[in-house]
Amino acid sequence: MIDSALLVGFAAASVRVGTPLALAAVGESIAERSGMINLGIEGAMLAGAFGAAVGAAHGGVASGVGAAVVAGLLVATVFAAVAVAARADQIISGTAVTLGATGLTGLLAQRAFTGGNLSLPILPVVHVPVIEHIPLVGPVFFRQTVLTYACYVLIPLASALLWRTRFGLELRACGEAPAAATAAGVHVGRTRALAVLMGGACAGLAGAALVLAQVGMFTERMTAGRGFIAIAIVALGRWNPWGTAAAALLFGGATALQYTFQAAGSHVPYQLFLALPYLLALAALGMAVGRHRGPAALGQSH
Amino acid sequence: MTLRLSRISKHFGTTVALDGVSFSAIPGEVHALLGENGAGKSTLMDIAYGMIRPEAGMIEVQQRGGVALATPAFASPREARAAGIGMVHQHFTSIPAFTVSENIALTAGWTETGRAAERRAAHIVARLGLPLAISAHVESLSAQMRQRLEIVKALATDASILLLDEPTAVLAPREVHELLEFLRGFAAAGGIAVLITHKLDEVFRVADRVTVLRRGVVTLTGVLAEQTPHSLAHAMIGADLARPIPLKAQPGVVAVEASRLSLTRGGQLAVVNASFQVRSGEIVGVAAIEGNGQRELLRAIAGVDDVVTVAGTLEVAGPVAFIPEDRSSEALIPSFSLAENLLLGTLDQSSWWLDWNAIRRDTQALLASHDIRAGGPESQAATLSGGNQQKLVFARALARQPRVIVAENPVRGLDIQAADMIQERIRAAARNGAAVIMHSSDVDEVLALADRVLVLRRGEVQDLPSDPTREQIGDALLAMAAAR
């Protein structure tokens, strides 16, 4: 018999765990729509997590969130400078940026948290009045932290940006046919750089969600590939913020399964559950993405 | 060994590339295949080499021993090579990261590798008298050596018919001389060399016989000694020799003014010291053979490419509408809807929020008023025919109410009806006060449309009399003014 409390707990955990993935993936979907595949978002997310920890330790959760966005933007700026301005290969630049951010946050973390600084303020769970009482939906979606609510706002915003604004049209043109965009008078480099920065800010927020709403502390390499998972999520979500959010929830669920099974006292080795999101990423990319084409100029420098 | 192509026809979409073309070459000759861009030269040779299947006609190769091979088409270059035909393409086809001998082995289908392949390659290179560094990587070779490798690859399978598609384009004058010497020697030894070119001086330096193609038909074929530069130029560019081009427009204010303008692109000098004006109400046609600076000039006026002004000035009155030559990669985004494509090119950026209901209405109205046959505002641009795509591009350009219109090959690839319609639209835009500067690689198109012609050669504007005849324009294009 499936306990309904267990089910609600699992679903709520899926949303909580899916939040950083969704934040990072929605931002990356904007970058990829402009033709930029940014493997550096793993690094931006990690920098965001570090920024969130430092900011929160010194100035409370609001400073933490602000510092996370700034850190994500900084990392994205490096990627934009190399891959957009200097037209370097996107895959190599993104990988280098992630490796650099991993090393730098590790080094800085040793300095910043020498005394074993464990007393980070964390984001409180905010109960949204009235709608939190809707059966199932209320407790699952509306007893979350403010960053999850930010994500609820960000998804329609990103979708509107891409399909409802002139800037979005130009951005998508850069991702489909940069030569045509140029001929139409679009500044491809500037547009792509802006798209990368938006992705970086979102990845920073994702890092904040990881530290301030999930883990409650910063540890080296704590993103553990979530940025890369976000890139798989973008493809699974077909480069569309709504699809991306749905895919993020699926991956959140795969991760949350582990907690639920442990709580239920299962004897299945926990490593299997740890591996589950990654196996899901491979399966998803193989099955769903193969049939759908991304932006035609994705990964091409201009 | 003889090569004979009989009544070859080939269409691409609605465009006739070759219309019943017959061509033959005999042992011991260098045969020049002459024509403008788009005349069908490369298509004809690609058919002889099995890269393109013709719709009608026959390919015959008469072997030395009298064995004849006749086929409607070679299924692949491999079959053509087996029949003794080798081809040097306009663009290099070697793999830069491979060595010279690896590239030869790959093309010739050798089973040897490593040292054995190098020995065999060295033997061939020596036999042909084309010295090459056998073990060098291709990426380290000069353009001349890369082209030499292309020739060696073409001849490695003992071909005695060698087809060369504009081989001198990449060579310096001294290197051109060496190549032409080689071709003479190859023919003297009993081979057939077919040289595709649009350079008349090379034809006179090397060819025994010449065939001229124009718009997919043979306009002249015969022994070179019986020809003059003018007879060839006129076969290339068209008859109707002495008709002066009427002045059609009443030009208004100056909308484009270039003064001693020099342009570079990617560090290469493309336009040199050009001075000219384009006035509102007139159509200026830029006549030039591919790669003589017309692309850079037009794009500098349109302000779209990374063309750098290194000297002089260029003043252009805005707004400028640009019609790029490549509809599917530059003018339109095939995967975008018609509405999205129209929006992208419009200058109205005041409204950052897109009201899709209004946009769909406007798009529908524009489709109707410009007679664009499409499913609707939401259909993908890729689903439109070439003519309708170009009409869409024009509708978009005119919606900006441009003072200057820059158009590259505006009717390329369109059928006659669509081409007429587009040309009429350009004329109407000029009548309504736009200054139009356009280029077409087909001189006839330039002459049909332009009030005034600007001839560019090697990036320089050529001097022309005030009412030039076609003959004079042809001479300026092909650098024969001095020969007169």
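In this predicted model, the largest nonpolar core holds 246 residues, and the members that touch the most others are A:Ile233, B:Ala48, B:Leu163, B:Leu195, B:Val406 and B:Val436. Helix H2 of chain A, spanning residues 41–85, supplies the largest share of this core, with 26 residues. Chain B takes part through both of its domains: domain 1 (2–237) and domain 2 (254–483) each give residues to the core, so the core lies between them. A general tendency is worth keeping in mind here. In soluble globular proteins, nonpolar side chains tend to be buried together.

One of the core members just named, B:Val436, shows what such a position looks like from close up. Once its neighbours within four places in sequence are set aside, B:Val436 is in contact with B:Ile283, B:Val284, B:Ile405, B:Ala407, B:Ile426, B:Ala429 and B:Ala430.

Chain B as a whole is built from 16 helices and 19 strands. It has 484 residues, of which 47% count as buried. Among contacts in chain B between residues at least 6 apart in sequence, 70% join residues at least 24 apart.

A single residue in chain B illustrates such a link across the sequence. B:Ala32 sits in strand E3, which covers residues 30–34 of chain B. With 26 other C-beta atoms within 10 Å, where 20 or more are required, B:Ala32 is buried. Its C-alpha atom lies 4.7 Å from that of B:Val210, although 178 residues separate the two in sequence. Beyond its neighbours within four places in sequence, B:Ala32 is in contact with B:Val210 and also with B:Leu195, B:Thr197, B:Val203 and B:Ala207. Of these partners, B:Leu195 is also among the core residues that touch the most other members.

A contrasting case is found in chain A. A:Ile92 belongs to helix H3 (residues 90–112) of chain A. This isoleucine has 12 C-beta neighbours inside 10 Å and therefore counts as exposed, the limit being 12 or fewer. Its C-alpha atom and that of A:Gly40 are separated by 9.5 Å, with their positions 52 residues apart along the chain.

The helices of chain A offer two packing arrangements, both involving helix H5 (residues 146–164). Two packed helices are described by the angle between their axes and the distance between the axes. The axes of H5(A) and helix H10 (residues 241–263) of chain A come within 8 Å and cross at roughly 150°. These two helices are therefore roughly antiparallel to each other. Their contact brings together A:Ile155, A:Ala158 and A:Ser159 from H5(A) with A:Pro241, A:Trp242 and A:Ala245 from H10(A). By class, the residues of this contact are 5 nonpolar and 1 polar, with no charged.

H5(A) also packs against H6(A), here at an angle of about 75° and with the axes 5 Å apart. That makes H5(A) roughly perpendicular to H6(A). On the H5(A) side, A:Leu161, A:Leu162, A:Trp163 and A:Arg164 take part, and they meet A:Phe167, A:Gly168, A:Leu171 and A:Arg172 of H6(A). The residues of this second contact divide into 5 nonpolar, 1 polar and 2 charged.

H6(A) leads on to the meeting of the two chains, where 15 residues of chain A are in contact with 19 residues of chain B. On the chain A side, helix H6 (166–176) and helix H7 (178–183) are the elements that give two or more residues. The largest share, 6 residues, comes from H6(A). The chain A residues that touch chain B comprise 9 nonpolar, 2 polar and 4 charged.

How values were computed: Residues numbered from 1 in each chain as written. Chains lettered and ligands numbered in written order. Predicted model: local features only at pLDDT ≥ 70, side-chain atom pairs only at ≥ 80, totals over all residues. Contact = placed C-beta atoms within 7 Å. Helix = DSSP H or I, 4+ residues; strand = E, 2+ residues; numbered from the N terminus. Nonpolar A, V, L, I, M, F, W, Y, C, P; charged D, E, K, R; others polar. Core = buried A, V, L, I, M, F, W, Y, C linked by C-beta atoms within 7 Å. Domains from an automatic or database assignment. Axes fitted to C-alpha atoms, helices over the stretch in contact; angles between N-to-C directions. Parallel < 35°, antiparallel > 145°, perpendicular 65-115°, else oblique.
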